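Me: I am new to this structure and would be grateful for a close look at a single part of it. Please take the surroundings of the ligand as the starting point and then proceed outward to the neighbouring topics.

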Amino acid sequence: MRGQLKAIIFGPPGSGKGTYASRLQTKLGVDVIAMGDIFREIIGEETQLGRKVKGFVEKGLLVPDDVVVEVLKQRLGKSSSKRGFILDGFPRTIDQAKALEKIANIDVVVLLTVPDRIIIERLSTRRICKKCGEVYNIRYLKPKVEGVCDKCGGQLYQRSDDTPKVIKDRIGVYERQTQPILQYYKDKKIPLVEFKCESIDMPPEVAVEEILRALEKLRLT
Ligand code: ADP
Ligand code: ZN
């Protein structure tokens with residue numbers, strides 16, 4: 001087994017980034033750094049920064065790059081896993097990708113592709129644990145006890161940006177601002193692992209196993 005994995009999990013909102021990253025974390029012992037979770041925490045703290053961040057997140061807009069990069073640097077500095085990390089929700093702009101390059105060398109980009117209709121259906125029925133951020137779905141990925149997190153017993157809630165209007169805006173932001181990063185990494189010859197999701201009720205384990213096999217092939221696990 002090699003020392004460290006430094007991966008980006010990449011894809012539109014609702015493509016399963018958080019769901020798969022959480023399972024890869026368990027299997028590989030890596031740290032998962034999820035920007036959306038970090039921002040939701042910051043919003044909860046009700047500081048000046050929290051109020052600023054809230055304005056963007058609520059509308060489905062990107063938080064400004066300088067704020068995001070600073071927050072990421074601080075979080076990476078606190079990362080203690082010797083197995084490495086998976087970035088979920090970062091980078092989301094070319095400028096963020098450029099800033100990341102100065103901080104860490106990324107081994108692989110794991111790309112998740114999902115048709116828009118699945119994204120919309122998934123996100124409208126998604127629930128999140130208040131305490132640990134674990135992702136559930138009231139139709140396709142139910143917790144054992146309704147409204148309660150299997151992992152930590154925390155209460156499940158619906159994110160305020162998981163409404164039809166904001167979901168559409170987030171997909172638009174992804175297509176315009178985030179997707180171009182893929183070409184950027186292709187040009188840099190960073191290995192790409194792609195998983196295509198075609199059906200809404202596919203169990204996460206199917207994706208996770210395929211991703212793990214691809215990482216093994218690249219000798220990254
Ligand atoms: P999604 O389910 O859309 O992938 P996330 O939980 O990753 O959502 O992010 C939620 C929101 O947090 C985004 O819509 C955006 O407002 C903000 N955000 C998260 N990561 C970034 C980032 N790297 N750059 C700018 N804004 C971000
Ligand atoms: Zn939980």
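Reply: The following account begins with the ligand and then turns to two loops and two helix pairs. The model is a predicted one.

Around ligand 1 there are 18 residues, and those that come nearest are Lys17, Leu61, Gly89, Arg92 and Gln96. Two of these residues also offer polar side-chain atoms to the ligand. Lys17 places a polar side-chain atom 2.9 Å from an oxygen atom of ligand 1. For Gln96, a polar side-chain atom lies 2.9 Å from a nitrogen atom of ligand 1. Val63 takes part through its backbone, with an N or O atom 3.0 Å from a nitrogen atom of ligand 1.

Gln96 belongs to helix H5 (94-101), and the loop between strand E3 (84-88) and this helix contains Pro91. The peptide bond that joins Phe90 to Pro91 is cis, with omega near -5 degrees. A second loop, between helix H2 (35-44) and helix H3 (48-59), holds Glu46. Although Glu46 is not a glycine, its phi is positive, at about 55 degrees. Both features may be set against a general background: most peptide bonds are trans, and most residues other than glycine have a negative phi.

Lys17 leads to the helices, for helix H1 spans residues 17-28. Helix H1 packs with helix H9 (residues 204-217) at an angle of about 55 degrees, and their axes are 10 Å apart. The two helices are therefore oblique to each other, and the crossing of H1 and H9 is right-handed. On the H1 side, the contact is made by Thr19, Tyr20, Arg23, Leu24, Lys27 and Leu28. On the H9 side, the residues are Pro204, Glu205, Ala207, Val208, Glu209, Ile211, Leu212 and Leu215. By class, this contact of H1 with H9 comprises nine nonpolar, one polar and four charged residues.

The other pair consists of helix H6 (residues 116-124) and helix H7 (residues 164-178), which pack at an angle of about 135 degrees with their axes 10 Å apart. Helices H6 and H7 are therefore oblique to each other, and their crossing is right-handed. From H6, Asp116, Ile119, Ile120, Leu123 and Ser124 meet Ile167, Arg170, Ile171 and Glu175 of H7. The contact of H6 with H7 divides into five nonpolar, one polar and three charged residues.

Terms used:
Residues numbered from 1 in each chain as written. Chains lettered and ligands numbered in written order. Predicted model: local features only at pLDDT ≥ 70, side-chain atom pairs only at ≥ 80, totals over all residues. Heavy atoms only, no water. Axes fitted to C-alpha atoms, helices over the stretch in contact; angles between N-to-C directions. Helix = DSSP H or I, 4+ residues; strand = E, 2+ residues; numbered from the N terminus. Parallel < 35°, antiparallel > 145°, perpendicular 65-115°, else oblique. Left-handed = near helix turned anticlockwise from the far one by under 90°. Contact = heavy atoms within 4.5 Å. Nonpolar A, V, L, I, M, F, W, Y, C, P; charged D, E, K, R; others polar. Near = heavy atom within 4 Å. Polar contact = N/O pair within 3.5 Å; in protein donor to acceptor, adjacent residues only side chain to side chain.
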